[in-house]
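This report walks through a helix, a pocket and the cysteines of one protein. Please keep the sequence and the structure in view while reading.

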Amino acid sequence: MSGHSKWATTKHRKAAQDAKRSALFSKLSRNITVAAKEGGDPNPDNNASLAAAIEKAKGYSLPKDKIKTAIDKAFGSGKDAANYETVVYEGYGPCGVAIYCEALTDNRNRTAADVRAAFNHHGGNLGTSGSVAFMFERKGQVMVAKEVETGDKKNPVGPNGAAADEDEFMMAVAEAGGLDYEDAEDEWIVYTAPTDLMAVKKGLEEQGIEVKGAELTMEATTPAAVSVGDAKKVMRLVDKLEELEDLQNVYHTMDITDEIAEALDE
């Protein structure tokens, strides 16, 4: 097990989402509602999908009252009822970069039209079901800060247990059942099997390590190399897709190098 760097991709997506906080909160709430409804239980202790949805929302600072409202909506009736369904869209962006989109929608026709328009207007092509899914692998992702607030005015920030030292953290991740980890500047990202996400999170916490958040993600199995110019074209499509209200997550196979990350941040 060793650290490796895919942080550029995560950093860019996080920045883009933070810049659209209101829309992000709406998507996180919808995700919680669907997880609660599909799991048939408003208690995250009995509903693993709901627990993961809540942890992801907490990672992006979704307020507790909004989390509760989203759960309540799953079991409402009449105008308060939630009738979302999960839909996946797959296709190719510029330079053949594979793109995988997860949506929660109450109108399939509207969402399909919006997604198709985004692909068509940004040099991509919407594909059929299964056309790119095989290029991705579902994983759990746990975010751990290397330092945390201590509450001490003299020393407001201190080490987050074993997370402050890579060797110790590597042992902690292995003990918790994590698959791998990467160094993401001021935090670690721990990867898990999708079914082990919450167990690994709990395992780290039991070792005295504070966890910032946990969520399920899709990781490209074979990242595609592109030029800086082509990367900008791909990200214009990705950004447009992420702006769509019904789309929850947008994943791509483009390999974002340090050079590309710097160019995207300009």
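## Helix H4

In this predicted model, helix H4 spans residues 64-74, and its buried residues are Ile67, Ala70, Ile71 and Ala74. These buried residues line one face of the helix, because their directions, seen down the axis of H4, fall within an arc of 95 degrees. The other side of H4 carries the exposed residues Asp65, Lys68 and Thr69.

## The second largest pocket

The second largest pocket encloses about 460 Å³ of space, and its lining is made up of 21 residues. Those that lie nearest its centre are Asn31, Glu102, Arg138, Leu216 and Asn249. When the lining is sorted by class, 10 residues are nonpolar, six are polar and five are charged.

Both helices and strands contribute to this lining: helix H2 (21-39), helix H3 (48-59), strand E1 (85-92), strand E2 (98-105), strand E9 (213-220) and strand E10 (247-252) each supply at least two residues. The largest share, five residues, comes from H2.

## Cysteines and disulfides

A disulfide is a covalent bond between the sulfur atoms of two cysteines. How many disulfides does the structure hold? The count is zero.

As for the surroundings of individual cysteines, Cys95 is partly exposed, with a relative accessible area of 48%, whereas Cys101 is buried, with a relative accessible area of 0%.

Technical notes: Residues numbered from 1 in each chain as written. Predicted model: local features only at pLDDT ≥ 70, side-chain atom pairs only at ≥ 80, totals over all residues. Heavy atoms only, no water. 1 Å grid on protein atoms, 1.4 Å probe; cavity = no way out; pocket = protein on both sides within 12 Å on 5 of 7 lines; lining within 4 Å. Points joined across faces, edges and corners; volume = space filled by probe spheres on them. Helix = DSSP H or I, 4+ residues; strand = E, 2+ residues; numbered from the N terminus. Nonpolar A, V, L, I, M, F, W, Y, C, P; charged D, E, K, R; others polar. Buried < 20%, exposed > 50% of the residue type's maximum accessible area, 1.4 Å probe, protein only. Arc of directions from axis to C-beta. Disulfide = S-S within 2.5 Å.
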